[in-house]
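These are my notebook entries on one protein chain, written while I went through its contacts and its surface.

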Amino acid sequence: MAESPSVTHAGRLGKFDPAFMVAGAEAFKRDFPQARVAILDAGHFAVDTRLDDVVSLTEDYMSVNKIKLGNNSGGNLSN
């Protein structure tokens, strides 16, 4: 059987989000122990209410995983 590629996942959600609940994030973490999951003090639109936290967590994730923004006009990520 072929090996699964090693993928690092990151997730951020608001602990008061009625659509994506904390229990789902915890289950995801159990399935992917290498995942980085952050539970923010926010609702569904965490990026609107906790932008500084989302930016900081995203920058940290990209730095740790050596991901850089590409220079193309499509805005794709490259590593």
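Entry on charged pairs. I began with Arg 50 and Asp 53, whose side chains meet in a salt bridge at 2.5 Å from N to O; the model is a predicted one, and I read this distance with that in mind. I noted Arg 50 as partly exposed at 29% relative accessibility, and Asp 53 as partly exposed too, with a relative accessible area of 27%.

How many salt bridges does the structure hold? I found three, and went on to the pair of Asp 60 and Arg 36, whose closest N and O atoms are 2.4 Å apart. This pair links distant parts of the chain, with Asp 60 in helix H3 (residues 51-64) and Arg 36 in strand S2, 24 residues apart. For exposure I wrote down 36% relative accessibility for Asp 60 and 31% for Arg 36, so that each counts as partly exposed.

I then looked up Asp 41 and Lys 15, which form a salt bridge with their closest N and O atoms 4.0 Å apart. Here too distant parts of the chain are linked, since Asp 41 sits in the loop between strand S2 (36-40) and H2, while Lys 15 sits in the loop between S1 and H1, 26 residues away. I recorded Asp 41 as partly exposed at 46% and Lys 15 as partly exposed at 43%.

Entry on Asp 17. I turned to Asp 17, which lies in the loop between strand S1 (10-14) and helix H1 (22-31). Is this residue, Asp 17, buried or exposed? I found that it counts as buried, at 6% relative accessibility. For its polar partners I noted a contact of 2.9 Å between the side chains of Asp 17 and His 44, and I also noted that a polar atom of the Asp 17 side chain lies 3.3 Å from the backbone nitrogen of Phe 20. Leaving out residues up to four places away in sequence, I listed Ala 42, Gly 43 and His 44 as what Asp 17 touches.

Entry on helix H2. I compared two residues of this helix, Ala 46 and Val 47, the helix itself spanning residues 46-49. Ala 46 counts as buried at 8% relative accessibility, whereas Val 47 is partly exposed at 45%. Apart from its neighbours within four places in sequence, Ala 46 is in contact with Gly 14, Leu 40, Leu 51 and Val 54; I also looked up its C-alpha atom, which is separated by 9.3 Å from that of Lys 15, 31 residues apart along the chain. Val 47, for its part, joins Leu 51 and Val 55 in a nonpolar surface patch with about 230 Å² of accessible area together.

Entry on aromatic rings. I found one aromatic pair in the structure: the ring centres of Phe 28 and Phe 32 are 4.9 Å apart and the planes stand at 40°, so I logged the pair as tilted. Phe 28 is partly exposed, with a relative accessible area of 31%, and for Phe 32 I also wrote down partly exposed, at 31%.

Entry on the whole chain. I counted three helices and four strands, following the pattern β-α-β-α-α-β-β along the sequence. Of the 79 residues, 16% count as buried, and the accessible surface comes to about 6100 Å², with 55% of it belonging to carbon and sulfur atoms. Among contacts with a separation of 6 or more, I noted that residues 24 or more positions apart account for 49%.

Terms used: Residues are numbered from 1 along each chain as its sequence is written. This is a predicted model: local features need pLDDT of at least 70, side-chain atom pairs count only at pLDDT 80 or more; totals for chains, interfaces and linings use all residues. Side-chain values use heavy atoms; hydrogens and water are left out. Rings of Phe, Tyr and Trp (its six-membered ring) pair if their centres lie within 6.5 Å; planes under 30 degrees apart count as stacked, over 60 as edge-to-face and the rest as tilted. Buried means under 20% relative accessible area, exposed over 50%, partly exposed in between (1.4 Å probe, protein chains only). A polar contact is a pair of N or O atoms within 3.5 Å; within protein, one must be able to donate a hydrogen and the other to accept it, and residues adjacent in sequence count only if both atoms are side-chain atoms. Contact means heavy atoms within 4.5 Å. Patches are made of residues with over 30% relative accessible area and no salt bridge: like charges are joined within 9 Å, nonpolar side chains (Val, Leu, Ile, Met, Phe, Trp, Tyr) within 5 Å. Accessible areas come from the Shrake-Rupley method with a 1.4 Å probe; for residues, only the protein chains shown count as cover.
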